[in-house]
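Reader: Could you walk me through the sheet in this one, strand by strand, and then show me what sits around it? I'd like a close look rather than a quick tour.

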Amino acid sequence: MAERVLHYLIGKQEGLFVDACLGAGGHAVRILEKTPAHCRLLGIDRDPAALDIAAKRLAPYGDRVTMVRADFRQLADILAQVGTDRISGVLFDPGLSSMQLDDVERGFAYATDGPLDMRADPTQELTAETIVNTYPAKTLADIFYNYGEERRSRQAAARILELREQKRITTTAQLAKLLRPVLSAKHYHRSLARIWMALRIAVNDELGALSEGLAAGVSSLDVGGRIVVLAYHSLEDRIVKRAFREWSRECGCSPALGDCVCGANPKITLLTKRPELPSPEEITENSRAASAKLRAAEKTVPGSVMSIPSGPAGAI
Ligand SMILES: C[S@@+](CC[C@H](N)C(=O)[O-])C[C@H]1O[C@@H](n2cnc3c(N)ncnc32)[C@H](O)[C@@H]1O
């Protein structure tokens, strides 16, 4: 998808581009290579480990690059810190990087034993351990169902409550083992994957952050600037789709009615009518890209947009 990301993101614009999910800096390098030397890049990530890796990779680009450790939902404040409020393009490639998923000590994988942590930002207080050991059964079940689409969510929550009375649940292996009797034997690993996804979405408020981050991104774009989003699961893609639809919605009121009553106030034009999917070659090259959906839009009217609530799942 990398070439398509660049195609949509850069367009005819020059200036400051934001990689809101810097990770290891893969997309950032491509943006820097594809843009003239006077174009700058602001890279944001909430994970200091990601920034350390990106810093080494982006060092050859010197003062063209600024990196900030923050949540991308604070984009307006970050831009103020670096002395601007206008950007030419913003890329969101949210979720987790391979480095995060593969780091046993962070607890993002159910198949390896590590602490029940799952924080993208290690300075944040809330961990998966806190959620698992303190949240009421209904909230746990809602998290597993709404964020993981796990059908045995209530049974899983009840089992956790029963076992945590006896002993605090602190490791991934402990959680995976105690859930075994209540999950379908046939789909045990798939269910664990769903429950882990649900927990990390809850720990990192991934959907709330995306919803607010998209609004901050579009609000900061110059006219002609582009927003590109890669979504990796249906909950993320639904947020992007709804937000883009709302922010591009034209007034449908009849002129005979006089003033607009539908409240449409379009600020963007969609560049992708439907999400673009990776080609078979792209999936062979990078299997983790298999579920990616790319959506892009261009700012056509100046001004801010309001974030769209991330839906019932986000209301937990
Ligand atoms: C899929 S990786 C990005 C990979 C990167 N684009 C590359 O090419 O190497 C997602 C990154 O986004 C970061 N991230 C996710 N949500 C974030 C948020 N709300 N604020 C800041 N960073 C976030 C994660 O910490 C992770 O490093």
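Author: Quick bit of vocabulary before we start: two strands count as paired if DSSP finds at least two bridges between them. Keep in mind, too, that this is a predicted model.

With that in hand, start at S1 and S2. These two run parallel and are joined by 4 bridges. If you want a spot to anchor your eye, find Val-18, which stands opposite Leu-42 in S2. Now look at the two faces of S1. In a regular strand the side chains alternate between the two faces of the sheet. Here Leu-16 and Val-18 sit on one side, Phe-17 and Asp-19 on the other, and all of them are buried, so both faces of S1 are covered.

Zoom out and you get the whole sheet. It is open, has 7 strands and mixed pairing, and reads S3-S2-S1-S4-S5-S7-S6 from one end to the other. The edges are strand S3 (65-69) and strand S6 (268-270), each of which pairs on one side only. On average, neighbouring strands are turned by 20 degrees against each other, direction ignored.

Further along that order come S4 (residues 87-92) and S5 (residues 221-231), which pair in the parallel sense over 5 bridges. Phe-92 is a handy marker here, as Phe-92 stands opposite Val-229 in S5.

What lies on the sheet? Helix H1 (residues 2-10) lies across strand S1 (16-19), S4, S5 and strand S7 (293-299), and H1 runs at about 160 degrees to S5.

Then there's the ligand. It has 21 residues around it, and the nearest are Cys-21, Gly-23, Gly-26, Ser-97 and Ala-209. Strand S2 (40-45) turns up again here: along with helix H2 (26-34) and helix H11 (206-220), S2 gives two or more residues to that shell. By character, the shell divides into 9 nonpolar, 7 polar and 5 charged residues.

One last stop is a pair of helices, H7 (residues 137-148) and H10 (residues 188-203). Their axes come within 8 Å and cross at roughly 100 degrees, which makes H7 roughly perpendicular to H10. On the H7 side, the residues that meet H10 are Ile-143, Phe-144, Tyr-147 and Gly-148. Their partners in H10 include Arg-194, Ile-195, Met-197 and Leu-199. This contact divides into 9 nonpolar residues, 1 polar and 1 charged.

Terms used. Residues are numbered from 1 along each chain as its sequence is written. This is a predicted model: local features need pLDDT of at least 70, side-chain atom pairs count only at pLDDT 80 or more; totals for chains, interfaces and linings use all residues. Axes are lines fitted to C-alpha atoms, for helices over the stretch in contact, and angles run from 0 to 180 degrees between N-to-C directions. Two residues are in contact if their C-beta atoms, placed from the backbone, lie within 7 Å. A residue is near a molecule or strand if its C-beta atom, placed from the backbone, lies within 6 Å of it. Ala, Val, Leu, Ile, Met, Phe, Trp, Tyr, Cys and Pro count as nonpolar, Asp, Glu, Lys and Arg as charged, and the others, Gly among them, as polar. Angles under 35 degrees count as roughly parallel, over 145 as roughly antiparallel, 65 to 115 as roughly perpendicular and the rest as oblique. A residue is buried if 20 or more other C-beta atoms lie within 10 Å of its own, exposed if 12 or fewer, and partly exposed in between; C-beta atoms are placed from the backbone.
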